[in-house]
Amino acid sequence: MASPMSAGRFLDALRAEGVTVVEVGDWVHHNRNHKGPWGPVHGVMIHHTASSGGERTVEICRDGYAGLPGPLCHGVITKDGTVHLVGYGRANHAGLGDDDVLRAVIAEKALPPDNEADTDGNRYFYGFECENLGDGEDPWPQAQLEAIEKAAAAVCRYHGWTERSVIGHREWQPGKVDPKGFTMAWLRERIHERLK
Ligand SMILES: [Zn+2]
């Protein structure tokens, strides 16, 4: 059971992990808190945006689109490895997912298949959207993969979580395929090494 860290601590934690951070507008107060609670937090969720172009991707994640208002995450990780902070608080990124998965994340155990959409994930997860088309061909540059690893590790380090608290959207919500192009097992192994 963990309360979300303050926006200031989030920023500090990312910088301490060696992440290059850009603060976008009034990200500290941009959220969906009027739609429901944020917290307790239990993990970090990784996504791909299915978009291209850093500037446009950051804009979409900050503003959202018709039917899905922003912020769509907390940090947008562009191909150059920069983490753009677009919101803080409840964000529209996780949607409804599987309560059995949430229980496994809390217990930091192996994940069961995500075959139910019965639990509000926006309440429980930090979210990072990563610039990638998600077609399985668009490359993931080293700098970007490293930033994903560091950003997730920064949150885990703050809360005392292991790499098992980091999941992909596709491990949470039936029908989702993101992130596509690397396996979450591979990413978790890297986070595990980093947290040693
Ligand atoms: Zn997603």
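This note goes through a predicted model point by point, from its core and helix packing to some individual residues.

1. The core. The largest nonpolar core has 43 residues, and the members that touch the most other members are Val 44, Phe 128, Ile 148, Ala 151 and Ala 152. The element that gives the most to this core is helix H4, which spans residues 142–159 and supplies eight residues. In soluble globular proteins, nonpolar side chains tend to be buried together.

2. Ala 152 within the core. Ala 152 is one of the core members with the most contacts to other members, and, when residues up to four places away in sequence are left out, Ala 152 touches Val 44, Ile 46, Phe 128, Val 166 and Ile 191. Two of these partners, Val 44 and Phe 128, are also named among the core members that touch the most others.

3. H1 against H4. Helix H1, made of residues 7–16, packs on H4 at an angle of about 120 degrees, and the two axes are 8 Å apart. Because of that angle, H1 counts as oblique to H4, and the crossing of H1 and H4 is right-handed. On the H1 side the contact involves Arg 9, Ala 13, Leu 14 and Ala 16, which meet Ala 151, Ala 154, Val 155, Arg 157 and Tyr 158 on the H4 side. Sorted by class, the residues of this contact are seven nonpolar and two charged, with no polar residue.

4. H4 against H5. Helix H4 also packs against H5, here at an angle of about 55 degrees and with the axes 9 Å apart; the two helices are therefore oblique to each other. Their crossing is right-handed. From H4, the residues Ile 148, Glu 149, Ala 152, Ala 153, Cys 156 and Arg 157 meet Leu 187, Arg 190, Ile 191, Arg 194 and Leu 195 of H5. The contact of H4 with H5 has seven nonpolar and four charged residues, and again no polar one. Arg 157 of H4 appears in this contact and in the contact with H1.

5. A buried lysine. Lys 150 is found in helix H4, and a reader may wish to look at its surroundings. Lys 150 counts as buried because 22 other C-beta atoms lie within 10 Å, where 20 or more are needed. Not counting residues up to four places away in sequence, Lys 150 touches Glu 17, Gly 18 and Val 19. The C-alpha atoms of Lys 150 and Arg 194 are separated by 7.9 Å, although the two residues are 44 residues apart along the chain.

6. A buried glycine in a loop. Gly 121 lies in the loop between strand E8, residues 119–120, and strand E9, residues 125–130. Gly 121 counts as buried because it has 23 C-beta neighbours inside 10 Å. Leaving aside neighbours within four places in sequence, Gly 121 is in contact with Met 45, Ala 94, Gly 95, Leu 96, Gly 97 and Trp 172. From C-alpha to C-alpha, Gly 121 is 10 Å from Val 44, with their positions 77 residues apart in sequence.

7. Two cis peptide bonds. Most residues other than glycine have a negative phi, and most peptide bonds are trans. The bond from Gly 39 to Pro 40, however, is cis, with omega near 0 degrees, and Pro 40 lies in the loop between strand E1 (20–23) and strand E2 (43–48). A cis bond also joins Asp 178 and Pro 179, with omega about 0 degrees, and Pro 179 is placed in the loop between strand E10 (166–168) and helix H5 (184–195).

8. Two positive phi values. Ala 50, which is not a glycine, has a positive phi of about 60 degrees and sits in the loop between E2 and helix H2 (54–63). With 17 C-beta neighbours inside 10 Å, Ala 50 counts as partly exposed. Glu 108, likewise not a glycine, has a positive phi of about 55 degrees and is placed in the loop between helix H3 (99–107) and E8. Glu 108 also counts as partly exposed, with 13 C-beta neighbours inside 10 Å.

9. An exposed tyrosine. Tyr 65 lies in strand E3, which covers residues 64–65. Because Tyr 65 has 9 C-beta neighbours inside 10 Å, Tyr 65 counts as exposed. In sequence Tyr 65 and His 42 are 23 residues apart, while in space they are 27 Å apart, C-alpha to C-alpha.

Notes: Residues numbered from 1 in each chain as written. Predicted model: local features only at pLDDT ≥ 70, side-chain atom pairs only at ≥ 80, totals over all residues. Core = buried A, V, L, I, M, F, W, Y, C linked by C-beta atoms within 7 Å. Buried ≥ 20, exposed ≤ 12 C-beta atoms within 10 Å, placed from the backbone. Helix = DSSP H or I, 4+ residues; strand = E, 2+ residues; numbered from the N terminus. Contact = placed C-beta atoms within 7 Å. Axes fitted to C-alpha atoms, helices over the stretch in contact; angles between N-to-C directions. Parallel < 35°, antiparallel > 145°, perpendicular 65-115°, else oblique. Left-handed = near helix turned anticlockwise from the far one by under 90°. Nonpolar A, V, L, I, M, F, W, Y, C, P; charged D, E, K, R; others polar.
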